[in-house]
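Visitor: I have a model on screen and some questions about it. Can we walk through it together?

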Amino acid sequence: MDNQSTGSNSNRRPGDLDRSFGTEGSIQFNEGGNTTAIVSDGGGKLIFTLNLESRFVLTRYLRDGIEDDTFRYVLLNFRDRDDSTPTRVLLQEDEKILVIGSSYKADEQDQDKWQAAVVRIDTDGTIDNSFGWLGRAVLPGPNNRNGPSPLNYKHVDGCLQIDQKILICASYDAFEGDDKPLKKLNRLFCLRDNGVLDPDFGSGGFIDIQFHGYESRACDVQVQRDRKIIVAGSSYRLDGTPRTRTVARYMPTGELDPSFGSDGFTEIAVEEGPVQSLAPYPFQSDIVSRVLVQDDDKILVAGYADATDGQQSGLLVRLEANGRMDGSFNDGKPLLISYPSKETTIHSMTLQADGKILLVGRASASLVCERVDQNGQIEGFLSEQPEGQSSDVTVQVSGRVVVAGNSQGPKPHIWGFVGN
């Protein structure tokens, strides 16, 4: 894998490219593909995935954007000869690495089969064969035909609980038979640290999710300090009613928590236009693309909205820990983020040490990296928007903001921005 990763120092303002990172502020790769997920460890090293056609790479770089030659270059599939798409990288307390994503291949009956999956990697880059089956866990799902998405639509995501159990939430496009229509099904899995389904969770390690009993899409999951589980996504009736952004809370053992919102659910109302479309960009999100729980258990929900003026805008909402709209954030209203004549959506987010919220996504052909304070005020973070798309973001211990995505081509690309 050919890349460029040398740099020079310069003093910059927050939101400017950090010229001491990589090559004059970025790491560039020559292969076609996308950088889909990134995380930084306690020393500032960067661990990220590159999606390259049907396979993906997990690699690690030093804090200033230089490749870490002590980490084995890992080219992976979740299953042999499948189409694998990684969507989340997690670091366990012991610094072992979890890569969560989707696996698509034909089964023994030559039927297309899409499944959520996870692989665990040791700190030196080797596969941890003590996890699951030879380092991997492929999770049971319904009969389905999701297929490899040309837009890399995120069908699966995950997080770690305080006890290091693994939660994985997946959204399926399923068929019950040739004479029955497509259905959207959602499943939340809980795995023990060794990659085996936790029999104490739900029905043998998983629960099925439908918001209010309606057709739903849910694959965004996080946990609160008491181990209660937050799941976010969208739901819709079959009567032409626009989809509704929905957040639900479940108990650590998998039961719906009726004390959250209204009988376990919170609906996020957004005044918007009549069309909720999916535009063809390499990193495509749903109207809800990411959920994040703050240290105070308040809940951030990001995605996009079609505003009443017809402009597609990025969306950020904050809920109280109990699911009520947080009146201290943007006066209790959804925050819309837009740029003139650019269709905007948010793909991921993270928090700085000072509590400020970093959002990444795309505005037409431009990268978005925006910063919002705890009151809901947009800061206008980037001094300029590079061409490209952003899929994920992390903050190093130094405060540098590192954004993963792709440049035009598309080719994997990682940018480093001054954060403080």
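Visitor: Which residues lie nearest the centre of the largest pocket?

Guide: This is a predicted model. Its largest pocket has a volume of about 1300 Å³. The lining counts 40 residues. Those nearest the centre are Val39, Gln222, Leu292, Val293 and Thr350.

Visitor: How many residues of that lining are charged?

Guide: Strands give residues to this lining, including S3 (34-40), S15 (215-223) and S19 (288-293). By type, the lining has 17 nonpolar and 14 polar residues. The charged residues number nine.

Visitor: What is the bridge partner of Gln222 in S16?

Guide: Gln222 is among the residues nearest the pocket centre. S15 is mostly covered, with nine of its nine residues buried. S15 pairs with S16 (residues 229-236) in the antiparallel sense, over eight bridges. In S16, Gln222 is bridged to Ile230.

Visitor: Which residue in the turn between S15 and S16 has a positive phi?

Guide: The two strands form a hairpin, with five residues between them. A phi of about 75° occurs in that turn, at Arg227.

Visitor: Which strand gives the largest share of the largest nonpolar core?

Guide: That core has 19 residues; Val118, Ile166, Ile168, Phe189 and Leu191 have the most contacts inside it. Strands supplying at least two residues each include S8 (97-106), S9 (112-121) and S13 (183-191). The largest share is four residues, and it comes from S12.

Visitor: How many residues does the other core have, the one with Cys169 and Ile207?

Guide: It lies apart from the largest core. Val223 and Ile229 are also among its members. Its residue count is 17.

Notes: Residues are numbered from 1 along each chain as its sequence is written. This is a predicted model: local features need pLDDT of at least 70, side-chain atom pairs count only at pLDDT 80 or more; totals for chains, interfaces and linings use all residues. Side-chain values use heavy atoms; hydrogens and water are left out. On a 1 Å grid over the protein atoms alone, a cavity is a set of points where a 1.4 Å probe fits but cannot get out, and a pocket is an open set with protein on both sides within 12 Å along at least five of seven lines; lining residues have an atom within 4 Å of a point. Grid points are joined across faces, edges and corners, and a volume is the space filled by probe spheres set on the points. Ala, Val, Leu, Ile, Met, Phe, Trp, Tyr, Cys and Pro count as nonpolar, Asp, Glu, Lys and Arg as charged, and the others, Gly among them, as polar. A nonpolar core is a set of buried Ala, Val, Leu, Ile, Met, Phe, Trp, Tyr and Cys residues joined through side-chain atoms within 4.5 Å. Buried means under 20% relative accessible area, exposed over 50%, partly exposed in between (1.4 Å probe, protein chains only). Two strands pair if DSSP finds at least two bridges between them.
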